[in-house]
Amino acid sequence: MAVVALILTWGRDLPSALVVIVAGLLCIAVLAAVHHAEVVAHKVGEPFGSLVLAVAVTIIEVALIVTLMISGGTKTQSLARDTVFAAVMITCNGLLGLSLLVGAMRRRVAVFNSEGTGGAFATVTMIATLSLVLPSFTTSRSGPEFSPAQLGFAAVASLGLYLLFVTVQTRRHRDYFLPITTSGKVIDTEEHLDPPSTRAAMISLGLLLVALIGVVGLAKGVSPAIEAAVDGAGLPHAVVGVVIAMLVLAPETIAAVRAAARDRIQTSLNLALGSAMASIGLTIPAIAIAMIWLPGPLLLGLGGTQMVLLLLTVVVGTLTVVPGRANVLQGGVHLALLGVFLFLAASP
């Protein structure tokens, strides 16, 4: 239904009533994406299942950003930065905090593997600093942007770090990213339900991609209404990036909360940090290639307020993941950080 609606509404101005219908179909597509992602994840096991959803969502997120940058003019020069930074804040504070809160409320203490989670968080910190902070301090260009050589280096370094992490996560130290029980026992398989057949998993993989195309395509369809609402409310244009990130990350958010409710905190954290890492490690290289054809500058450097929020996220996140155990307080702190980010995005 979402894909049919996408075909019928593509490239058209939508009236208010139709925007509401499209938004409803978008929500249905989100739920469908979560279902099919869980089927694939159950077939391939962790941490491959988390990786499938993170990469699939991010690839289509890149396509959405590039599409909007092509058609949006000068207002979209900072769209990649705003969307990527919003994705980092939503995943590292929203998904992570909500997962810890749900898990801690269920078991009093949320337990996860500090080695894997710490390595993932360190990689996110490195890529985010390289791609979003350094452009504000380099001197080759007058604005918060990289020179072509610097952008190429940042793209290669980000992609290289992401691929190195995937290798560690799926091969060399896969056990660091498997869910564990409260007593510390590794959960390598789900015993309560038989894995789906290969045919069923392949069908779900195809339908997952279709559902994600529907999510991002319909999000693009309602984006003019979002931009108009943002402008009408007198909000900064950066809010558009925040809304796009929230729409695109909706499937991962639901999947992370469901995993936390099943006492699979490590799976939730794999989704959160893997999505943050993929959002930067895949988006920046893709945008760097697209800038060969896109006109105008690419503004990547964060402002002072955003840097403070990123630094606070890094400090709080480090203190959260190092012990390998968290309670409702840590989850609440991360959610409070997300609230601060959303408030300051609307009222800088």
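In this predicted model, leucine 298 offers a starting point: beyond its neighbours within four places in sequence, leucine 298 is in contact with Met69, Gln77, Ala80, Pro144, Glu145, Leu151, Ile287 and Met291. Three of these names, Leu298, Met69 and Ile287, return in the description of the largest nonpolar core, which holds 101 residues. Together with Phe85, Leu100, Leu218 and Phe341, they touch the most other members of that core. Helix α4 gives the most to this core, with 13 residues. In soluble globular proteins, nonpolar side chains tend to be buried together.

Helix α4 spans residues 79–107 and also contains aspartate 82. Is aspartate 82 buried or exposed? Its relative accessibility is 6%, and because buried means under 20%, aspartate 82 counts as buried. The side chain of aspartate 82 makes a polar contact of 3.3 Å with the side chain of arginine 81. Apart from neighbours within four places in sequence, aspartate 82 is in contact with Ala238, Gly241 and Gln306.

Helix α1, residues 2–9, shows how burial can be arranged around a helix. Its buried residues are Ala2, Ala5, Leu6 and Thr9. They cover an arc of only 105° around the axis, and therefore lie on the same side of α1. An α-helix has 3.6 residues a turn, so residues three or four places apart point the same way. Val4, Ile7 and Leu8, on the other side of α1, are exposed. The cover over the buried residues of α1 includes α2 (16–44) and α7 (198–232). After α1 comes glycine 11, which has a positive phi, near 75°.

Terms used:
Residues are numbered from 1 along each chain as its sequence is written. This is a predicted model: local features need pLDDT of at least 70, side-chain atom pairs count only at pLDDT 80 or more; totals for chains, interfaces and linings use all residues. Side-chain values use heavy atoms; hydrogens and water are left out. Helices (H or I, at least four residues) and strands (E, at least two) are DSSP runs, numbered from the N terminus. Buried means under 20% relative accessible area, exposed over 50%, partly exposed in between (1.4 Å probe, protein chains only). A polar contact is a pair of N or O atoms within 3.5 Å; within protein, one must be able to donate a hydrogen and the other to accept it, and residues adjacent in sequence count only if both atoms are side-chain atoms. Contact means heavy atoms within 4.5 Å. The arc is that of the directions from the helix axis to the C-beta atoms. A nonpolar core is a set of buried Ala, Val, Leu, Ile, Met, Phe, Trp, Tyr and Cys residues joined through side-chain atoms within 4.5 Å.
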